[in-house]
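Here are some short exercises on burial and empty space in a protein model. Have the structure open and try each task before reading its solution.

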Amino acid sequence: MTTLYEATLAAITPVDEQARAAAEAHQLQLTKPAGALGELETLGNQLAAIARTCPPPVPEAGLVCVFAGDHGVQAQGVSPWPQEVTRQMAANIAAGGAGVNVIARAAGAAVRIVDVGMLQAVDGVRDERLAAGTQDLSQGPAMTREQALAAVEVGISTAQQAVRDGFDVLVPGEVGIGNTTPAAALTSVFTGLDPELTTGRGAGAPDPMLAHKVATIRRGIEVNRAVAGDPIGALAAVGGFEHAAVVGLLLGAAEQRVPVVLDGAIACAAALVAVALCPAVQGYLVAGHEGAEPGIRRACEQLGLRPVLSLGLRLGEGTGGALALPVVATAARVLGEMATFASAGVTEEHA
């Protein structure tokens, strides 16, 4: 029997390069010097390729999908924040009081939060818990392969339901104390870079804690023999429940042919896994922001993505992705609403 994961992978198709080419040609007819809107033009062309038509529809109905989980590796002291903050912040997001809620409201987007692996359930948070947190990745696999696949399928289902509900652009978000540690581990596995180059301070680790965090990640990769050639195995070994759910969200969004605006280190690490599983997913991804965590830049370089914003953000939750949504919508509007030289009676540039 075919699983949801297998069926989704089989159904993903690449974006339409003919539509991209049509958008590129149309950009040259708009009342501006060629390339004058820079990366906004490239983004609009990508949206046309995703929608398979030029001009593309404006992605206005955004949804931030926040996945919550706890991490056994926090036993190693990789974050200065106590683990109960995961539950407290999940409740804050559910109540509408977190940073992601404020930014999503400003962007005209909605927020949904799903518990895929917190230590305790929280009222108002959709309960899809697969375990009470992961195991300590520095001592052995964080999840079983079956748990990782189950979390991926939660993400796929979340994306499919979002599209059925009328949302046309998705932002992956997360909450989980210690979750930049597995994110850096995944980024190292899939880029081949040493953890020293992919690991940041997360929620504010001081220098000694940062050094310990790097060493913990190195140990986790070595103990588990995590390799990029087995994406699900690596995800299970050194990832987290929310990372796996984001992988599923990206696969589901690609299968549903809607763009995804990535947030920070967790989403970008998950994107590396998703693209390793299905290279066609890359065409549906937009990097929302550059961020302060080094893993974001390393992952974006590997994926060939140019971040929309650069504001030094390091909150997570989906905040950077949500903040980029108006820019993404504007890129589509330029293609659909800007006059052409012919329609406006404007003389074109001479060669």
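**Exercise 1.** Decide whether E41 is buried or exposed.

*Solution.* Start with the accessibility: E41 counts as buried because its relative accessibility is 9%, where buried means under 20% relative accessible area, exposed over 50% and partly exposed in between, with a 1.4 Å probe and protein chains only. Next, place the residue: E41 sits in helix α3, residues 39-51; helices are DSSP runs of H or I with at least four residues, strands are runs of E with at least two, and both are numbered from the N terminus. Finally, look at its surroundings: setting aside neighbours within four places in sequence, E41 contacts Q27, K32, P33, G35 and A36, a contact being heavy atoms within 4.5 Å.

A word on the model: it is predicted, so local features need pLDDT of at least 70 and side-chain atom pairs count only at pLDDT 80 or more, while totals for chains, interfaces and linings use all residues. Residues are numbered from 1 along each chain as its sequence is written, and side-chain values use heavy atoms, leaving out hydrogens and water.

**Exercise 2.** Find which helix gives the most residues to the lining of the second largest pocket.

*Solution.* First, the terms: on a 1 Å grid over the protein atoms alone, a pocket is an open set of points with protein on both sides within 12 Å along at least five of seven lines, a cavity is a set where a 1.4 Å probe fits but cannot get out, and lining residues have an atom within 4 Å of a point. Grid points are joined across faces, edges and corners, and a volume is the space filled by probe spheres set on the points. This pocket has a volume of about 450 Å³. Of its 22 lining residues, E39, T42, L43, Q46 and R306 lie nearest the centre. The answer is α3, with five residues.

**Exercise 3.** Describe the largest pocket, starting from its volume.

*Solution.* The volume is about 570 Å³. Among the 33 lining residues, N179, G202, A203, R314 and L315 are the closest to the centre. The top contributor is α4, with three residues.

**Exercise 4.** Work out which residues line the largest cavity.

*Solution.* Only one cavity of 30 Å³ or more is present. Its lining consists of T180, A183, A184, T187, T198, G200, A265, E293 and G295. Helix α7 (residues 180-191) supplies the largest share, four residues.
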